[in-house]
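Q: Please take a close look at a single part of this structure, the sheet and its surroundings. I am new to the structure and would welcome one connected account.

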Amino acid sequence: MHLSFPPGSGRLTLALIGLGIVPFICGPFLGTTIAVLFCGAIGYRCLSKDAEHKLLSEEANELKSTILSLHETVDREQKLRFTDIERHQEVLERSAYSIRQLEEKIHELETASSLSSQHTQQTGLTAAELADQVTVAIDESSAAVDSAISSFQRLAAESDQLSSAAAEAVRVRSETGEVDTVSLATDALNHLVNQMISTASSMANSAHKMQQVVSICKDLHTLLNEIENVASQTGLLSLNASIEAARAGDAGKGFAVVASEVKKLADRSTNTSERTKELIERLYENSNELCRDMGTSAMLSRDAACDAQGRLIKMMSTIRESERKNAAKLIELTEASTNVSQEVCRVVVALQFQDLLRQRLEHIHDPLRKIATDAGLSPDELHKSLAVGATPDAIVVDYTSDDDNVTLF
Amino acid sequence: MRQMVSFTLKGAGFQVIEGSNGQEALSRIDSAPNGKVDLIITDLNMPVMDGLSFIKQARTKSSCRFTPILMLTTESSDARKAEGKAAGATGWIVKPFQPDQLLKVISKVLPA
């Protein structure tokens with residue numbers, strides 16, 4: 001391809017090329033500035049006269065030398081630029097690295113922020129749950145204390161009643177101690193048993209006497225036999241007298257009458273004796289039977305009395321032992337009642353500690369609620385918020401049983 | 001705590017009137033027989049009206065001007081005790097108390 005240029009167009013071309021090259025060689029800013037200045041100068045001269053062509057050629061040579069020097073300068077500049085570019089590249093690489101790190105940090109921060117937000121929300125939820133649990137604990141604690149107090153009130157009332165009953169029993173026992181009721185009962189029953197024994201003994205004596213009566217009856221029976229014998233002999237004598245009176249004739253008539261009367265008396269004696277004998281035999285039989293019955297009864301009565309006495313002694317011993325044990329139990333009961341009262345006092349103190357714990361829970365409860373409510377606040381705001389519901393610091397935990405905790409004004 | 005004090009006092013034969021805070025206690029005192037009581041036992045920290053305010057209010061009543069008032073509280077600082085004394089309290093008992101100890105203090109402050 002052939003290109004023809006008008007006069008002065010070579011400089012223009014050079015200027016255009018310069019315009020294209022200089023920026024390429026010198027960098028965008030410096031090159032463009034040089035090119036513009038150069039184009040302006042060249043353009044102006046192209047429009048001048050051809051007469052000045054030589055002068056311009058010289059000037060062109062000067063310019064060429066100038067351009068050469070500029071080239072050198074540009075080369076140095078370029079070298080310097082490359083150095084700067086390398087340095088800038090390093091800087092840029094470092095900057096890119098820093099930016100990546102920054103991005104990572106930002107990502108981490110975002111993640112941390114997200115986690116922090118979640119944690120804050122979780123903290124709020126946890127605080128709310130804790131506050132709910134504290135509320136439940138307070139309610140349950142209060143209910144337990146109320147229940148315990150009610151139970152102990154009932155227990156104390158029953159203990160008081162028990163103590164009063166025991167004291168009354170001790171008092172009654174003390175009053176009646178001088179007159180031992182058991183001894184009195186024992187004496188009375190012993191007297192009764194002795195009476196029974198005495199009665200049995202009397203019955204035995206009666207039986208013995210009845211035996212004597214029976215013996216007398218036997219003797220009477222013998223006597224009656226003797227009387228009957230006498231009556232029989234008398235009858236026989238009266239018969240002999242009657243015979244002798246008949247032999248005497250008239251003189252013996254009066255004697256015959258006497259003999260007859262004597263016979264009648266002998267018969268009557270015999271009859272009476274027989275009847276008496278029958279009665280005495282019946283008396284003997286009855287007395288004998290009565291004697292046996294009395295002897296049996298006396299023996300049974302005596303045995304029963306002896307048995308009753310033995311049982312009575314055993315029973316009284318049992319009653320006395322029981323009474324002794326009851327007295328001991330009564331004393332134990334009184335002591336136990338006293339112990340119960342002391343235990344109730346201790347429980348009252350223990351319940352107060354529980355009440356103190358409940359108060360502490362109540363103090364924790366409000367700040368927890370605030371934490372739950374203010375979970376999204378900044379630490380400073382949260383601190384200020386919590387400072388409103390600060391826990392009192394004067395709750396006593398040390399306990400002394402003396403009077404150190406009492407102040408009278 | 002109020003129940004425990006009431007329990008202790010009733011066990012000792014006292015007739016007890018209870019109130020859950022200072023305001024309620026003032027109205028209960030007004031409605032008591034003859035508008036007066038022989039002894040007042042109050043806590044320091046109470047809702048509605050605290051113990052110190054209650055004592056100050058009670059001391060303005062003619063029926064309670066010379067009534068013994070015992071503070072029964074968990075607080076034991078001398079400053080608070082001074083406040084109680086200034087308000088008109090007769091005595092200061094730090095919880096927890098022993099029933100016998102409470103009754104002994106009452107026997108000391110009650111007029112014979």
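A: In this predicted model, strand 2 of chain B (residues 69–73) and strand 3 of chain B (residues 91–94) run parallel and are joined by four bridges. Within that pairing, Leu70(B) has Gly91(B) of strand 3 as its bridge partner.

Strand 3 of chain B also pairs with a strand of the other chain: strand 1 of chain A lies against it in the antiparallel sense, over three bridges. Here Thr407(A) is found opposite Trp92(B), a residue of strand 3 of chain B.

These pairings belong to an open sheet of four strands, whose order is 1(A)-3(B)-2(B)-1(B) and whose pairing is mixed. Strand 1 of chain A (406–408) and strand 1 of chain B (40–42) each have a single partner strand, so they form the edges, and one side of each lacks a neighbour in the sheet. On average, and with direction ignored, neighbouring strands of the sheet are turned by 15 degrees against each other. Helix 5 of chain B (residues 99–109) packs on this sheet. The helix touches strand 1, strand 2 and strand 3 of chain B as well as strand 1 of chain A, and its direction makes about 5 degrees with that of the chain A strand.

The sheet thus leads to the wider meeting of the two chains. In total, 27 residues of chain A are in contact with 29 residues of chain B. The size of an interface is often expressed as the accessible area lost when the parts come together. Between chain A and chain B the buried area is about 2600 Å², and carbon and sulfur atoms give 63% of this area. Of the area that chain A buries against chain B, 27% is supplied by Gln352(A), Asn405(A) and Phe409(A), more than by any other three residues.

As for specific links between the chains, there are zero salt bridges between chain A and chain B, while three residue pairs are in polar contact, counting pairs with both residues at pLDDT 80 or more. On the side of chain A that touches chain B, the elements giving two or more residues are helix 3 (53–175), helix 5 (253–373) and strand 1 of chain A. Helix 5 of chain A gives the most to this side, with ten residues. By residue type, the side of chain A that touches chain B comprises 17 nonpolar, six polar and four charged residues.

Methods. Residues are numbered from 1 along each chain as its sequence is written. Chains are lettered from A and ligands numbered from 1 in the order in which they are written. This is a predicted model: local features need pLDDT of at least 70, side-chain atom pairs count only at pLDDT 80 or more; totals for chains, interfaces and linings use all residues. Side-chain values use heavy atoms; hydrogens and water are left out. Two strands pair if DSSP finds at least two bridges between them. Axes are lines fitted to C-alpha atoms, for helices over the stretch in contact, and angles run from 0 to 180 degrees between N-to-C directions. Contact means heavy atoms within 4.5 Å. Buried area is the accessible area (1.4 Å probe) that two parts lose on being put together, summed over both. A salt bridge is a side-chain nitrogen of Lys or Arg within 4 Å of a carboxyl oxygen of Asp or Glu. A polar contact is a pair of N or O atoms within 3.5 Å; within protein, one must be able to donate a hydrogen and the other to accept it, and residues adjacent in sequence count only if both atoms are side-chain atoms. Ala, Val, Leu, Ile, Met, Phe, Trp, Tyr, Cys and Pro count as nonpolar, Asp, Glu, Lys and Arg as charged, and the others, Gly among them, as polar.
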